[in-house]
Amino acid sequence: MIYEDLDAFATALPRAQGLAGLDLGTATIGVAVSDTLLSIATPLETIRRRKFSQDAAQLSQILAERRIGGIVLGLPRNMDGTEGPRCQSTRAFARNLDRAEGIDLPITFWDERLSTVAAERALLEADTSRKRRAEVIDHVAAGFILQGALDRLRTIRAATEG
C-alpha cells in the first residue's frame with residue numbers, strides 16, 4: 001500500500017525489519033537499506049534500469065534477502081515544492097511496484113530535493129574519483145533519502161511513545 005503520510009507509513013511498518021530507500025532515475029535505481037532499528041541508512045547498490053518487470057524482480061530479490069519491511073521512494077519535487085513530470089513518473093513507478101508480484105510492502109515518498117547534491121558533496125569531500133562518483137552517486141543519494149526519512153520516523157516514534 002502507498003502512504004502519502006509518513007505517520008501512517010510508520011504505523012504500517014512491521015517490527016524488526018529494515019527499510020529500503022530508492023533514488024529513481026531514468027537509467028538507474030539507487031538502492032540503500034537501513035538496519036532493523038531504523039537508525040542508519042547504508043548505500044547498497046545501483047540497478048541499471050531495463051523493463052519494469054526486470055527492475056521489480058531485482059528489487060524483490062534485494063528486499064527478500066535483506067528482510068526489508070517498507071520502501072521509501074525519493075520524490076523529485078521542483079525547488080519551489082511543486083510536482084512536475086518526474087514526480088508523476090515516480091508516483092507511477094510506486095503504483096506499479098505496489099502491484100508487482102513478490103513486493104507486498106508499505107511504500108511512502110520522501111522529498112529528495114538536493115539529495116544528489118548532498119551525495120556529490122560527500123563524495124567530493126571523501127576525495128572520490130570522478131569515475132567512482134559516477135558509479136556510486138545514485139545509491140549514495142538513496143542513502144541520503146532514506147536517512148532523512150529514518151530521522152523523521154524516529155521523531156514520529158518518540159512523539160507517540162513518549
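In the predicted model, helix α2 (residues 52-65) lies across four strands, namely β2 (18-24), β3, β4 and β5 (68-75). The direction of helix α2 makes an angle of about 150 degrees with that of β4. Helix α3 also packs on the sheet, where its contacts are with β1, β2, β3, β5 and β6. Relative to β5, helix α3 runs at about 160 degrees.

The sheet on which these helices lie is open and consists of six strands, arranged in the order β1-β6-β5-β2-β3-β4 with mixed pairing. Its edges are formed by β1 (2-3) and β4 (41-48), each of which pairs on one side only. Strand β1 is joined to strand β6 (residues 107-111) by two bridges, and the sense of this pairing is parallel. Within it, Y3 has T108 of β6 as its bridge partner.

Strand β5 takes part in two parallel pairings. Five bridges connect β5 with β2, and five bridges connect β5 with β6. Residue L73 has a place in both ladders: L73 is the bridge partner of L22 in the pairing of β2 with β5, and F109 is the bridge partner of L73 in β6. Strand β5 is mostly covered, as eight of its eight residues are buried. Together with helix α3 and strand β6, β5 makes a β-α-β unit of right-handed sense.

At the level of the whole chain, the model contains five helices and six strands. Their succession along the sequence follows the pattern β-α-β-β-β-α-β-α-β-α-α. The protein chain comprises 162 residues, of which 46% are buried. Of the contacts between residues at least 6 apart in sequence, 65% join residues at least 24 apart.

The N-terminal residue M1 provides an individual case of contact across the sequence. M1 belongs to the segment before β1 and, with a relative accessibility of 54%, counts as exposed because this value is over 50%. Residues M1 and I107 are separated by 106 positions in sequence, yet their C-alpha atoms are 6.1 Å apart. When residues up to four places away in sequence are not counted, M1 touches D98, L105, P106 and I107.

Aromatic pairing was examined over the whole structure, and two pairs were found. Y3 and F9 form an edge-to-face pair, with 6.4 Å between the ring centres and 65 degrees between the planes. Both members are buried: the relative accessibility of Y3 is 17%, and that of F9 is 0%. F52 and F93 also pair edge-to-face, at 5.5 Å centre to centre and with 80 degrees between the planes. This pair links distant parts of the chain, since F52 lies in helix α2 and F93 in helix α3, 41 residues apart. The exposure of the two rings' residues falls into separate classes: F52 is partly exposed at 26% relative accessibility, whereas F93 is buried at 4%.

Two serine residues, S34 and S89, were also considered. S34 is located in strand β3 (residues 28-34). S34 counts as buried because its relative accessibility of 10% lies under 20%. The side chain of S34 reaches the backbone nitrogen of L19 at 2.8 Å. Apart from neighbours within four places in sequence, the contacts of S34 are with G18, L19, I40, A41, L146 and L150. L19 thus appears both as a partner of the S34 side chain and in the list of residues in contact with S34.

S89, by contrast, occupies a position in helix α3 (residues 85-99). With a relative accessible area of 43%, S89 is partly exposed, because this value lies between 20% and 50%. The C-alpha atoms of S89 and P76 are separated by 9.7 Å, while the two residues are 13 apart along the chain.

Technical notes. Residues numbered from 1 in each chain as written. Predicted model: local features only at pLDDT ≥ 70, side-chain atom pairs only at ≥ 80, totals over all residues. Heavy atoms only, no water. Buried < 20%, exposed > 50% of the residue type's maximum accessible area, 1.4 Å probe, protein only. Polar contact = N/O pair within 3.5 Å; in protein donor to acceptor, adjacent residues only side chain to side chain. Contact = heavy atoms within 4.5 Å. Pairing = 2+ DSSP bridges. Axes fitted to C-alpha atoms, helices over the stretch in contact; angles between N-to-C directions. Right-handed = clockwise from strand over helix to strand, strands pointing away. Phe/Tyr/Trp six-rings, centres within 6.5 Å; stacked < 30°, edge-to-face > 60°.
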